[in-house]
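The following exercises concern a pocket, a bound ligand and a pair of aromatic rings. Each task is followed by a solution in steps.

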Amino acid sequence: MFQARLKETAALVQAHLDATLAPLGNLPVHRAMRYASAGGKRLRAFLVLESARLHGIAPQNAIWPATAIEAIHAYSLVHDDLPCMDDDDLRRGLPTVHVKWDETTAVLAGDALQTFGFECLSRPDCHPDPLVRADLVLTLSRAAGAEGMVLGQALDIAAESADTPLTLDQITRLQTGKTGALIKWAATAGPLMARADTAPLARYAADLGLAFQIADDILDIEGDAATLGKAVRKDADAGKATFVSLLGLDGAKRRAAELVTDACDTLSCYGDKAETLREAARFVIARDS
Ligand code: GRG
């Protein structure tokens, strides 16, 4: 069920991105936006659509926050790949934007994908109630910004030149921002749109986000570069503290499995209706890309 829903999500989001980005021109920045927002697993969009489905939100409304979160995620990857950040040549199996075009185009395409994400949330088609739209914008701004993803990225960059490796608590705080904040927003988009309690899905997503990052650290060691579509062993070779370096490979796998069990238990209030989200949590630590 989960694999089918994820595939369905990928097709829906791609079609929606194609339609909404088509009216833009054909300058390098526009082509780079289309290029950078194509592909990927679409896990964050899936979380939006599934949490919306759980709360009875119509798919034609939920597709807007699903597209928004994938645009913001794409911007973060384009900027993360820049030479001044993680300096990567390969993303989703293809040359990164600054390699295919140049750094200026990559910075601008990332900037424009970010503003496009917020535009998606602000459009009346996203939700009939302007207060709900404003709340979606407010919460995603916080998740993506200086208290969320950008904070996580800044802590990660600061750690590279620190004298001592980060502790487990520090890595957890860093990753809660860097990877976790967007995942949490995606999973709570449904209750936000329905003006319902976000707490159960926020707890589920906090565990899921950490499990996702631990799985990413494990894939950096055990994964295959061709399957992942990006370089591997970058963290290990740079001597960076990760969940694997701190917990060991087996310890990291055990911790990820515990987090997934906790994430699934948190959804008990939704009963069987949340089974696809439970499957998603199990997928996050079993994935090979
Ligand atoms: C530049 C402000 C700024 C932030 C960048 C998210 C991020 C912060 C950097 C990405 C670096 C990275 C590889 C982090 C590991 C976790 C992660 C976000 C992996 C990529 O997400 P997936 O696996 O990618 O969902 P796809 O391609 O499937 O969308």
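**Exercise 1. Determine which residues lie nearest the centre of the second largest pocket, and which elements line this pocket.**

Solution. The model is a predicted one. Step one is the lining itself: 20 residues surround the second largest pocket, and A143, T176, G180, A181 and K184 are those nearest its centre. Step two assigns the lining to elements: α7 (130-144), α9 (168-194) and α10 (199-222) each give two or more residues. Step three weighs these contributions: α9 supplies the largest share, 10 residues. Step four sorts the lining by class, which yields eight nonpolar, eight polar and four charged residues. Finally, the volume of the second largest pocket is about 370 Å³.

**Exercise 2. Identify the residues that come nearest to the ligand, and state how far polar side-chain atoms of K41, R44 and H73 lie from its oxygen atoms.**

Solution. Begin with the surroundings: there are 20 residues around the ligand, and K41, R44, H73, D80 and R92 come nearest. Next, take the distances one at a time, with 3.5 Å as the cut-off for a polar contact between N or O atoms.

- For K41, a polar side-chain atom is 2.6 Å from a ligand oxygen atom.
- For R44, the distance from a side-chain N or O atom to an oxygen atom of the ligand is 2.7 Å.
- For H73, a side-chain N or O atom and an oxygen atom of the ligand are 2.8 Å apart.

The ligand taken alone exposes 700 Å², and the protein buries 92% of that area. Two or more residues of the shell come from each of α4 (59-80), α8 (149-160), α9 and α10. Of the elements, α4 gives the most, with six residues. By class, the shell around the ligand consists of five nonpolar, seven polar and eight charged residues.

**Exercise 3. Explain why the pair formed by F2 and F46 is edge-to-face.**

Solution. The structure contains three aromatic pairs. In the pair of F2 and F46, the ring centres are 5.0 Å apart and the planes stand at 85°, so the arrangement is edge-to-face. The reasoning rests on the cut-offs: ring centres must lie within 6.5 Å to pair, and planes over 60 degrees apart count as edge-to-face. As a last step, locate the two residues: F2 belongs to helix α1 (residues 2-21) and F46 to helix α3 (residues 43-54). The pair links distant parts of the chain, 44 residues apart.

Methods:
Residues numbered from 1 in each chain as written. Predicted model: local features only at pLDDT ≥ 70, side-chain atom pairs only at ≥ 80, totals over all residues. Heavy atoms only, no water. 1 Å grid on protein atoms, 1.4 Å probe; cavity = no way out; pocket = protein on both sides within 12 Å on 5 of 7 lines; lining within 4 Å. Points joined across faces, edges and corners; volume = space filled by probe spheres on them. Helix = DSSP H or I, 4+ residues; strand = E, 2+ residues; numbered from the N terminus. Nonpolar A, V, L, I, M, F, W, Y, C, P; charged D, E, K, R; others polar. Near = heavy atom within 4 Å. Polar contact = N/O pair within 3.5 Å; in protein donor to acceptor, adjacent residues only side chain to side chain. Areas by Shrake-Rupley, 256 points an atom, 1.4 Å probe, with all protein chains shown as cover. Phe/Tyr/Trp six-rings, centres within 6.5 Å; stacked < 30°, edge-to-face > 60°.
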